[in-house]
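Let's take a walk through this structure, one element at a time. Have the viewer open and follow along.

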Amino acid sequence: MTGIEELLLSRIRDVADYPEPGVMFKDITPLLADPAAFTALTDTLAAVAASTGATKVVGLEARGFILGAPVAVRAGLGFIPVRKAGKLPGATLSQAYDLEYGSAEIEVHAEDLSSGDRVLIVDDVLATGGTAEASIELIRRAGAEVAGLTVLMELGFLGGRARLEPALAGAPLEALLVV
């Protein structure tokens, strides 16, 4: 285990039976509250952005905003929020996707992405991959290229990576931690 992995893991708190019985929630708020850990995380993710040749960072609602925005600033890139449907004013592109129980929809401002953009998607957790897969489709529909996907933590037992690899079509998927 590397030093950054140890630091990040030491600041992630397990919360049993949240949001429902049987679920072990990974709480990143202690990591965000620690300036050294948050800076180390931001620097590491910004290095990923640089290595992919990204021109923009997309953050997925909501914790992807918290991680993606400082990464974009640190890497000197633009930041684009991907929001739940109905949260963005003006013209949007939307993408529906299935959840374990039901469906959801995400949106992005159509004019924020263009054919010359290489987009790094940033989020806190990769679980089943549904939201990330929908964001990949949304970015491509906007005419941009997906440069990669990076997450703080991958819940490996939920199979999100296997779901996303075909959608990523060779673009890298990097998880700083796999639990």
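**Starting from helix α3**

A good place to begin is the set of residues in α3 that are buried: Ala37, Ala40, Leu41, Thr42, Leu45, Ala46, Val48, Ala49 and Thr52. Keep in mind that you're looking at a predicted model. So what covers those buried residues of α3? The cover includes the helices α1, α2 (29-33) and α4 (63-75), along with the strands β7 (118-126), β8 (145-154) and β9 (173-178).

As for the helix itself, α3 runs over residues 35-52, which makes 18 residues. From its first C-alpha to its last it reaches 26 Å, close to the 26 Å expected at 1.5 Å a residue. Now check both ends. At the N-terminal end, aspartate 34 acts as the cap of α3, with a side-chain oxygen 2.9 Å from the backbone nitrogen of alanine 36. Just after α3 comes glycine 53, and glycine 53 takes a positive phi of about 75°.

Next, the charged pairs. Side chains of opposite charge can pair when their charged atoms come close. How many salt bridges does the structure hold? There are 10 salt bridges, and three of them are worth a visit here.

One of them starts from α3. Aspartate 43 forms a salt bridge with arginine 74, and the closest N and O atoms are 2.0 Å apart. This pair links distant parts of the chain, since aspartate 43 belongs to helix α3 and arginine 74 to helix α4, 31 residues apart. Both ends count as partly exposed: arginine 74 has 48% relative accessibility, and aspartate 43 has 35%.

Another salt bridge joins the side chains of arginine 13 and aspartate 27, at 2.3 Å from N to O. Arginine 13 is in strand β1 (residues 13-16) and aspartate 27 in strand β2 (residues 24-27), so the pair ties together parts that are 14 residues apart in sequence. The two partners sit in contrasting surroundings: arginine 13 is partly exposed, with a relative accessible area of 46%, whereas aspartate 27 is buried at 8%.

Then there's the salt bridge where the side chains of aspartate 117 and lysine 56 meet, 3.2 Å from N to O. Here too, distant parts of the chain are linked: lysine 56 lies in strand β3 (residues 56-60) and aspartate 117 in the loop between β6 (102-109) and β7, 61 residues apart. Are these two residues buried or exposed? Both aspartate 117 and lysine 56 are buried.

For a buried residue in another helix, go to serine 135 in α5 (residues 130-141). Serine 135 has a relative accessible area of 1%, which means it counts as buried. Which residues is serine 135 in contact with, leaving aside its neighbours within four places in sequence? They are Leu60, Ile106 and Ile121.

Finally, head out to the surface. Methionine 1 sits in the segment before α1 (3-10) and counts as exposed, at 67% relative accessibility. Together with Leu9 and Val179, Met1 forms a nonpolar surface patch, with about 270 Å² of accessible area between them. Proline 89 is another exposed residue, at 58% relative accessibility, and its place is in the loop between β4 (78-84) and β5 (92-99). Measure off the C-alpha atoms of proline 89 and valine 108 and you'll get a separation of 9.9 Å, for residues 19 apart along the chain.

Definitions and conventions: Residues are numbered from 1 along each chain as its sequence is written. This is a predicted model: local features need pLDDT of at least 70, side-chain atom pairs count only at pLDDT 80 or more; totals for chains, interfaces and linings use all residues. Side-chain values use heavy atoms; hydrogens and water are left out. Patches are made of residues with over 30% relative accessible area and no salt bridge: like charges are joined within 9 Å, nonpolar side chains (Val, Leu, Ile, Met, Phe, Trp, Tyr) within 5 Å. Accessible areas come from the Shrake-Rupley method with a 1.4 Å probe; for residues, only the protein chains shown count as cover. A salt bridge is a side-chain nitrogen of Lys or Arg within 4 Å of a carboxyl oxygen of Asp or Glu. Helices (H or I, at least four residues) and strands (E, at least two) are DSSP runs, numbered from the N terminus. Buried means under 20% relative accessible area, exposed over 50%, partly exposed in between (1.4 Å probe, protein chains only). The expected span of a helix is 1.5 Å times one less than its number of residues. Contact means heavy atoms within 4.5 Å. A polar contact is a pair of N or O atoms within 3.5 Å; within protein, one must be able to donate a hydrogen and the other to accept it, and residues adjacent in sequence count only if both atoms are side-chain atoms.
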